[in-house]
Amino acid sequence: MQYTCWADLSRPIVALAPMDGVTNRAFRQVVKKLNPHVILFSEFTSAEGILRSDAAARKIAFDPCELPYFVQLFGNKPEAFAEVAKLVESQGVSGIDVNMGCPAKKIVHSQHGSALMKDPDAACRIIEAIRKACSLEVSVKTRLGWESCQGLVSFAKRLESAGVSLLTIHGRTYSQAFKGQADWLPIYDLKTHLKIPVLGNGDVADYQDGLNRLANLDGFMIGRHAIGTPWVFQKKIPSFEQRILIALEHYQLLEKYASGRAARLEFRKYLSGYIQGFHKAKDYRQLLMKAESSEVFCQMLTRLLDPNFVQSLEPAYAVAV
């Protein structure tokens, strides 16, 4: 078992935020290879789904190279969380993270995600059930509150008393969803009321931006800004050629876990980050998306390693390095 104690990790704790459909096995491995210090989380996954669906169970599968690795679960049934906790502990995960912040309407209407902020008793029953079922540490990712941050401290202290060992706070309320700017001031205040580590999340553009926002917090997560740019966790930005090599490796990893066509469809969400730096990047990206085979896709991607080819797409523009 790869047991991880949050309190023992070096500071600042830097993590790739769990994102449904994004932080899959292949992407996590690319991030980890480039940034060994980064903590990884699974995709946002239903606790009940894991118990009844092989597809959901595959979402949390991982390789040893990803450790320390945390599984993020959502739901509202303590017994389901307890059963999954036993399962993932036997598989060797480092810990469990409970999502109490997703603002998606279908999630909230099912009393999952952000809905748990309105029912602290239910939220605490989930934490207590996990703690009784396994020896793994339990963390929670949540938001400032429902419509304001007024209840954040009391909610967080309830979670701490229930057995949560780390909190990640996204600097927006449920009602904001992903609109406006993340407000980190209430997160800094929350930290002064808790004994457990607290991470900040929301609008972190890169590693330096995370450090600039750190203040009294124990670390930060980077989410959307890491999609297609897995190097945002480091100070040095890779050259254009290095980015293409990373993209090729990423795609080849995706093919290990999915068919060629499925891998190409999956890779679309990352292409914008990888393919940039020349004027015709958008047009070439669209051509890549139309590739009819993995071989053609990789050949087209590989051609971008030739500066002369890139310049031939638009001679008036130079490749950014």
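A crossing is left-handed if the near helix is turned anticlockwise from the far one by less than a right angle, and right-handed if clockwise. I wrote that at the top of the page since I looked up two helix pairs today.

**Entry 1: what I am looking at**

This is a predicted model, so I checked the confidence before anything else. The average pLDDT for the protein is 94, and 97% of the residues score at least 70. I did find a weak stretch: pLDDT stays under 50 over residues 315-321. For that stretch the model has 11 contacts beyond four places in sequence.

**Entry 2: helix 10 against helix 13**

I started with helix 13, which covers residues 294-303. Its axis and that of helix 10 come within 10 Å, with a crossing of roughly 165°. Angles over 145 degrees count as roughly antiparallel, and helix 10 and helix 13 are therefore roughly antiparallel to each other. Which hand does the crossing of helix 10 and helix 13 have? I noted it down as left-handed.

Next I listed who meets whom. Helix 10 brings Ile244, Ala247, Leu248, Tyr251 and Glu255. Helix 13 answers with Ser294, Phe297, Cys298, Leu301 and Thr302. Sorted by class, the residues of this contact come to seven nonpolar, two polar and one charged.

**Entry 3: helix 10 against helix 1**

I then turned to the pairing of helix 10 (residues 240-257) with helix 1 (residues 25-34). Here the axes are 8 Å apart and the packing angle is about 140°. Helix 1 and helix 10 are therefore oblique to each other. I have the crossing of helix 1 and helix 10 down as right-handed.

From helix 1, I picked out Arg25, Ala26, Phe27, Gln29, Val30, Lys33 and Leu34 as the residues in the contact. They meet Ile246, Glu249, His250, Leu253, Leu254 and Tyr257 of helix 10. The class count for helix 1 with helix 10 is eight nonpolar, two polar and three charged residues.

**Entry 4: odd backbone spots**

Most residues other than glycine have a negative phi, and most peptide bonds are trans. I went looking for exceptions to both.

Where are the cis bonds? I found one from Arg11 to Pro12, with omega near -5°. Pro12 sits in the segment before strand 1 (13-16). I found another from Leu67 to Pro68, with omega near -5°. Pro68 belongs to the loop between helix 3 (54-59) and strand 4 (69-74).

For phi, I noted Ala177, which has a positive value of about 55° although it is not a glycine. Ala177 is in the loop between strand 7 (164-170) and helix 8 (185-191). With 25% relative accessibility, Ala177 counts as partly exposed.

Ala215 also went into the notebook, with a positive phi of about 50° although it is not a glycine. I placed Ala215 in the loop between helix 9 and strand 9 (219-222). Is Ala215 buried or exposed? At 60% relative accessibility, Ala215 counts as exposed.

**Entry 5: Gly200**

I looked up Gly200 in strand 8 (residues 198-201). Its relative accessible area is 0%, so Gly200 is buried. Which residues does Gly200 touch, not counting residues up to four places away in sequence? My list has Ile169, Trp184, Ile187, Leu217, Gly219, Phe220 and Met221. I also checked the distance from Gly200 to Ala226, 26 residues apart along the chain. Their C-alpha atoms are separated by 16 Å.

**Entry 6: Asp209**

Asp209 is in helix 9 (residues 207-213). I had to check the cut-off for this one: buried means under 20% relative accessible area. At 18%, Asp209 therefore counts as buried. Leaving aside neighbours within four places in sequence, Asp209 is in contact with Asp203 and Val204.

**Entry 7: Ser154**

My last lookup was Ser154, in helix 7 (residues 152-162). Its relative accessible area is 46%, so Ser154 is partly exposed. I paired Ser154 with Leu190, 36 residues apart in sequence. C-alpha to C-alpha, Ser154 and Leu190 are 9.5 Å apart in space.

Terms used
Residues numbered from 1 in each chain as written. Predicted model: local features only at pLDDT ≥ 70, side-chain atom pairs only at ≥ 80, totals over all residues. Heavy atoms only, no water. Axes fitted to C-alpha atoms, helices over the stretch in contact; angles between N-to-C directions. Helix = DSSP H or I, 4+ residues; strand = E, 2+ residues; numbered from the N terminus. Parallel < 35°, antiparallel > 145°, perpendicular 65-115°, else oblique. Contact = heavy atoms within 4.5 Å. Nonpolar A, V, L, I, M, F, W, Y, C, P; charged D, E, K, R; others polar. pLDDT = per-residue confidence, 0-100. Buried < 20%, exposed > 50% of the residue type's maximum accessible area, 1.4 Å probe, protein only.
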